[in-house]
Amino acid sequence: MARVGALVMVVLGHLGLAVIDRGPDGAIRGANALALEPGLAWLAMFAPMPVFFAAAGWANASSTPRSAASRLRTLVGLGAVVVVLWSTASIVEILVRGEGGVVADGARIATQPLWFLAVYVPLAALGSDVVRLAQHPVASVGACLAVLAALDLARFGFGASEAVGWPGFFLAWGVPWVIGAWWRVRWQAGWQHERRTGAAMAVIASVTALGLVVFAGYHPALIDVVDGQRSNTTPPGLFTAVAGMVQVGVLMMIAGELDRFAARRRGLFDRAGEASVAVYAWHLSALALCAAALAAGLWAPVRFSAGWWLTRPAWFAAVLGITGLLAVATAWGRHRLPRDIRPAEPTNVRIGVGLACATVGAGVIGLLGPRTLPTATVAIASFVVAWWCLRSAGGTPVGN
């Protein structure tokens, strides 16, 4: 339930914050609502991806590369459809026009949500190894925070290149993952103090996060929305990990109530779990298509005018409706793929290649997007190779 809720909040947050209208010159323009109102940017501290990664750490606590490969194939295959379609469109535009334009920009926006696979794929494959680290949570989380602090000090204190901070990508998002894995181990052992522990973690991490903002120059948003402010996502750093601990602490405090609520609607949440990933993967594609329709000539009111507010329900309905159609079409196509009658048992090398390609492809999509011929080509190749290598993992039919 936590994973579903986190993904739904991300989708609604993206749609709610996207401000697309027609400017005084008649051209379509886009902006983020928090960038237009910087005083509200602190709300982005609650962007719920840390909750998603904590739930993933819980769910993948016993996984190995071989056992995770089949499940990861489904995610990679969904990502491959999104990436191949948009990257191909971007390549066609580049070849026709000589450079990327609105289509390449749309491809960048539409595929960016798949960045999470760059973290999810390797950590899910190494879930049982992460659990061993989680046996010593103070040491493992403390080590991650210490390294992140050192990387941030190098960048912000001594002027080191931004590239120095990118190893922290896995550490910052790995902190909630490790806590989620530790939480599951403790819960399975009959642990009864998750509410108390969650409250203590949330309070300590909140005070730390406030100190980082007030005294160390960090911006409170977990998304890049305000120009000129220190980024917490490109690359993520110490504040991202600490803010993630706040969210996970709150999740631990309310986990009992969520479990009881979900238990009464188990079938619904089981179906919602699969659907939520597809909705997340496609929602910015739908947003880009709706923006393209406005650019093609549909009426678009000026931002924050009475007409703009009155049309928000119709805008949400259009974007979410197209998102649903894309998700349903993907599921329909996946279940009609030809089945591999004699699926090959994958070798460890093949699984490793698939995991590595998925991680690289997601990294390229998240950092650069398919806006140029090289990045679009690498993205397509990475996702297709990853899907091919993982497609029969564990003897699972391709069509499943």
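## Salt bridges, burial and the core in a predicted model

Mentor: Glu99 and Arg97 make a salt bridge in which the closest N and O atoms are 3.9 Å apart, and please keep in mind throughout that the model is predicted.

Trainee: Why is the contact between Glu99 and Arg97 called a salt bridge?

Mentor: The limit is 4 Å between a side-chain nitrogen of Lys or Arg and a carboxyl oxygen of Asp or Glu, and the pair Glu99 and Arg97, with N and O atoms 3.9 Å apart, therefore qualifies. A search of the whole structure finds 7 salt bridges.

Trainee: What makes Glu99 count as partly exposed?

Mentor: Partly exposed is the class between under 20% and over 50% relative accessible area, and Glu99 falls into it because its relative accessibility is 48%. Arg97 also counts as partly exposed, because its value is 48%.

Trainee: How do you know that Glu257 forms a salt bridge with Arg195?

Mentor: The closest N and O atoms of Glu257 and Arg195 are 2.9 Å apart, which is within the 4 Å that the term requires. This pair links distant parts of the chain, since Glu257 lies in helix H11 (residues 238-263) and Arg195 in helix H10 (residues 194-216), 62 residues apart. Glu257 is partly exposed because its relative accessibility is 36%, and Arg195, at 47%, is partly exposed as well.

Trainee: Which residues do salt bridges with shared partners join into one network?

Mentor: That network consists of Asp21, Arg29 and Arg303. Within it, the side chains of Arg303 and Asp21 meet at 3.5 Å, N to O, and they bring together distant parts of the chain, with Arg303 in the loop between H12 and helix H13 (306-310) and Asp21 in strand S1 (residues 18-22), 282 residues apart.

Trainee: Why is Arg303 called buried?

Mentor: Buried means under 20% relative accessible area, and Arg303 is therefore buried, with a value of 18%. Its partner Asp21 counts as buried because its relative accessibility is 0%.

Trainee: What makes Ser90 buried, and what does its side chain reach?

Mentor: Ser90, which has its place in helix H4 (residues 65-97), is buried because its relative accessible area is 0%. The side chain of Ser90 reaches the backbone oxygen of Pro370 at 2.5 Å, a distance within the 3.5 Å set for a polar contact. Leaving aside neighbours within four places in sequence, Ser90 is in contact with Val103, Ala104, Ala107, Pro370 and Arg371.

Trainee: Which residues have the most contacts inside the largest nonpolar core?

Mentor: They are Leu72, Phe116 and Tyr120, in a core of 97 residues, and helix H12 (residues 266-295) gives the most to this core, with 12 residues. Once neighbours within four places in sequence are left aside, the contacts of Tyr120 include Phe52, Phe53, Leu72 and Trp177.

Trainee: How do you know that the protein chain, with its 16 helices and 2 strands, is as compact as a globular protein of that length?

Mentor: The radius of gyration of the protein chain is 21 Å, close to the 21 Å that the globule rule gives for 400 residues, so the chain is as compact as a globular protein of that length. Of the 400 residues, 47% count as buried, and residues 24 or more positions apart account for 80% of the contacts with a separation of 6 or more.

Definitions and conventions
Residues are numbered from 1 along each chain as its sequence is written. This is a predicted model: local features need pLDDT of at least 70, side-chain atom pairs count only at pLDDT 80 or more; totals for chains, interfaces and linings use all residues. Side-chain values use heavy atoms; hydrogens and water are left out. Helices (H or I, at least four residues) and strands (E, at least two) are DSSP runs, numbered from the N terminus. Buried means under 20% relative accessible area, exposed over 50%, partly exposed in between (1.4 Å probe, protein chains only). A polar contact is a pair of N or O atoms within 3.5 Å; within protein, one must be able to donate a hydrogen and the other to accept it, and residues adjacent in sequence count only if both atoms are side-chain atoms. Contact means heavy atoms within 4.5 Å. A nonpolar core is a set of buried Ala, Val, Leu, Ile, Met, Phe, Trp, Tyr and Cys residues joined through side-chain atoms within 4.5 Å. The radius of gyration is taken over C-alpha atoms; the globule rule is 2.2 Å times the number of residues to the power 0.38.
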